[in-house]
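Q: Before turning to the ligand site and the enclosed spaces, could we look at the model together and fix the terms that the discussion will need?
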Amino acid sequence: MADDVSVSILEMFVLEAMIPHAFVFQGSVNDLISMLANVDHPPEQLVVDVSKSAMPHTDLANLANVCPPGVSVVVVGERNDIGLFRELLRMGVDDYIVKPLTMDLLHRVMGRLNGRSEPVHQIRTGKLVACLGSRGGVGTSTVAANMGWRLARDLERRVAVIDLDPFGGSLDILLGSQNNKGLADLLKNINQLDPHYVERSFVQVAPRLFLLSARYDLGEAGVLPAKSLNMLLVELKKLFHYVILDLPCRGGEIAASLVNAAETVVVVTEPSVISTRETVRLLQLAELRDTKVPVMVVVNQPNQPGRAELRLPDFEAAVGRRILHVLPFDRDAAGLGENIGPPVVAGKGPLAQAMRRLVDDLAGRHLEANAANVPFWRRLPALGKFLKLGG
Ligand SMILES: Nc1ncnc2c1ncn2[C@@H]1O[C@H](COP(=O)(O)OP(=O)(O)OP(=O)(O)O)[C@@H](O)[C@H]1O
Ligand SMILES: [Mg+2]
């Protein structure tokens with residue numbers, strides 16, 4: 001709250017309503033933002049006072065960046081303005097209370113919000129990013145791990161990275177973390193999810209970065225149930241700004257349903273004949289959706305470029321789509337990121353830089369610069385020449 005009178009009323013309300021784990025303090029929206037940026041467990045509900053804020057919209061947009069989408073937000077202000085109220089609702093705020101605060105007002109608004117299980121305006125939800133590879137070993141897990149790392153560490157988003165290899169893929173090692181079979185457990189108990197149970201099933205990798213993975217024994221059937229997985233993802237999108245999926249294969253029920261559910265599909269590929277053909281098939285899979293989905297085609301170079309590979313312009317012509325990003329071959333950087341850590345994106349060098357550009361693009365940072373859809377290797381003639389293989 002911005003003033004001490006509101007602080008005392010809210011404190012009284014919290015006591016009277018017996019709200020557990022409540023915390024009331026006096027400060028600005030920015031104070032709240034810095035506090036939230038440093039907590040691992042976000043609150044379920046926020047009441048934030050914008051009356052001293054010079055630019056309430058900007059402050060609330062900044063707040064949304066540190067506060068997971070599922071958190072219910074009630075804004076307190078001084079202006080009794082229907083235009084402002086409407087705009088706040090559009091931003092995903094649950095309610096707007098005009099000062100002075102009274103116990104009665106708080107009981108009415110908060111009682112109504114707490115009496116239902118879903119916020120009225122589920123406008124803000126996290127973004128589901130599905131990473132698929134055109135073939136094994138093309139670098140899908142490397143891309144997913146680095147994406148999660150940069151979004152959480154550098155761009156300060158709350159991020160879940162999910163390893164969908166039922167037998168446990170390489171994400172735990174890529175992120176210097178562990179597999180705890182949390183995904184298998186959650187899917188088994190899909191009808192008993194609550195936010196605390198969901199959080200406990202993740203392994204925390206770094207501040208704001210969480211990993212979920214299964215590890216069925218190799219002798220087990222190891223099939224992830226697609227329906228339960230979709231139900232879980234709906235819940236996860238309320239708790240995280242980004243839910244990054246590392247899909248171990250490009251086909252089947254799970255791949256099809258997740259390509260269908262994703263807000264962005266990242267196709268990791270390389271300029272071989274097989275990958276060209278499979279990239280076309282993956283693009284077709286994404287096109288089957290009712291609603292159009294942004295697809296990022298990322299050409300990775302996990303192997304030393306060879307003369308027998310397709311030239312990038314030929315690859316583009318064959319798949320009928322511009323390559324958005326090229327990740328150059330760098331065995332040392334990739335090996336260091338994989339075996340010793342931290343992920344390559346945390347370091348220096350061309351591969352780290354390219355990885356950062358990719359993630360920033362995904363987070364909408366450089367979309368303007370890329371509006372003409374010019375891949376960066378086209379804008380850097382020297383690198384472009386280097387990458388035009390085989391010719
Ligand atoms: N740009 C690159 N330069 C050099 N090596 C790379 C590059 N990208 C990935 N690698 C290496 O390629 C190998 C395969 O990468 P990764 O495990 O990410 O692929 P994947 O597609 O997830 O494989 P899988 O099909 O086994 O799941 C790893 O050893 C990784 O370090
Ligand atoms: Mg993998």
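A: A cavity here is a set of grid points where a 1.4 Å probe fits but cannot get out, whereas a pocket is an open set. This is a predicted model, and every value below is computed from it.

Q: How many cavities of 30 Å³ or more are found in a search of the whole structure?
A: Since a cavity is a place where the probe fits but cannot get out, open pockets are left aside in this search, which covers the whole structure. With the threshold set at 30 Å³ or more, the number of cavities found is two.

Q: Which charged residues are in the lining of the largest cavity?
A: The largest cavity holds about 70 Å³ of space, and its lining is made up by class of six nonpolar, no polar and three charged residues. Leu36, Ala37, Val39, Pro42, Val66 and Pro68 belong to this lining and fall in the nonpolar class. Asp, Glu, Lys and Arg count as charged, so the charged residues in the lining are Glu156, Arg158 and Arg208.

Q: In which pocket does ligand 1 sit?
A: A molecule is assigned to a pocket if more than half of its atoms lie within 2 Å of the pocket's grid points. By that criterion, ligand 1 sits in the second largest pocket.

Q: Which element gives the most to the lining of the second largest pocket?
A: The second largest pocket has a volume of about 590 Å³ and is lined by 35 residues, with Gly137, Gly139, Thr140, Ser141 and Thr142 lying nearest its centre. Two or more residues of this lining come from each of H6, H14 and helix H15 (350-362). With five residues, the element that gives the most is H14.

Q: Which elements give two or more residues to the shell around ligand 1?
A: Around ligand 1 there are 18 residues, of which Gly137, Ser141, Thr142, Asn300 and Glu338 come nearest. By class, this shell has six nonpolar, nine polar and three charged residues. Ligand 1 sits in the second largest pocket, and the elements that give two or more residues to its shell are helix H6 (140-154) and helix H14 (331-339).

Q: What share of the area that ligand 1 exposes when taken alone is buried by the protein?
A: Backbone atoms of the protein approach ligand 1 at several places: a backbone N or O atom of Val138 lies 3.0 Å from an oxygen atom of the ligand, and a polar backbone atom of Gln301 is 3.2 Å from a nitrogen atom of ligand 1. A backbone N or O atom of Pro328 also lies 3.0 Å from a nitrogen atom of ligand 1. Taken alone, ligand 1 exposes 630 Å², and the share of this area that the protein buries is 79%.

Q: Where is the proline that follows Gly341 through a cis peptide bond?
A: The peptide bond from Gly341 to Pro342 is cis, with omega near -5 degrees. Another cis bond runs from Lys99 to Pro100, with omega near 5 degrees, and Pro100 is found in the loop between strand E3 (95-98) and helix H5 (103-114). Pro342, for its part, is found in the loop between H14 and H15.

Conventions. Residues are numbered from 1 along each chain as its sequence is written. Chains are lettered from A and ligands numbered from 1 in the order in which they are written. This is a predicted model: local features need pLDDT of at least 70, side-chain atom pairs count only at pLDDT 80 or more; totals for chains, interfaces and linings use all residues. Side-chain values use heavy atoms; hydrogens and water are left out. A residue is near a molecule or strand if one of its heavy atoms lies within 4 Å of it. A polar contact is a pair of N or O atoms within 3.5 Å; within protein, one must be able to donate a hydrogen and the other to accept it, and residues adjacent in sequence count only if both atoms are side-chain atoms. Accessible areas come from the Shrake-Rupley method with a 1.4 Å probe; for residues, only the protein chains shown count as cover. On a 1 Å grid over the protein atoms alone, a cavity is a set of points where a 1.4 Å probe fits but cannot get out, and a pocket is an open set with protein on both sides within 12 Å along at least five of seven lines; lining residues have an atom within 4 Å of a point. Helices (H or I, at least four residues) and strands (E, at least two) are DSSP runs, numbered from the N terminus. Grid points are joined across faces, edges and corners, and a volume is the space filled by probe spheres set on the points.
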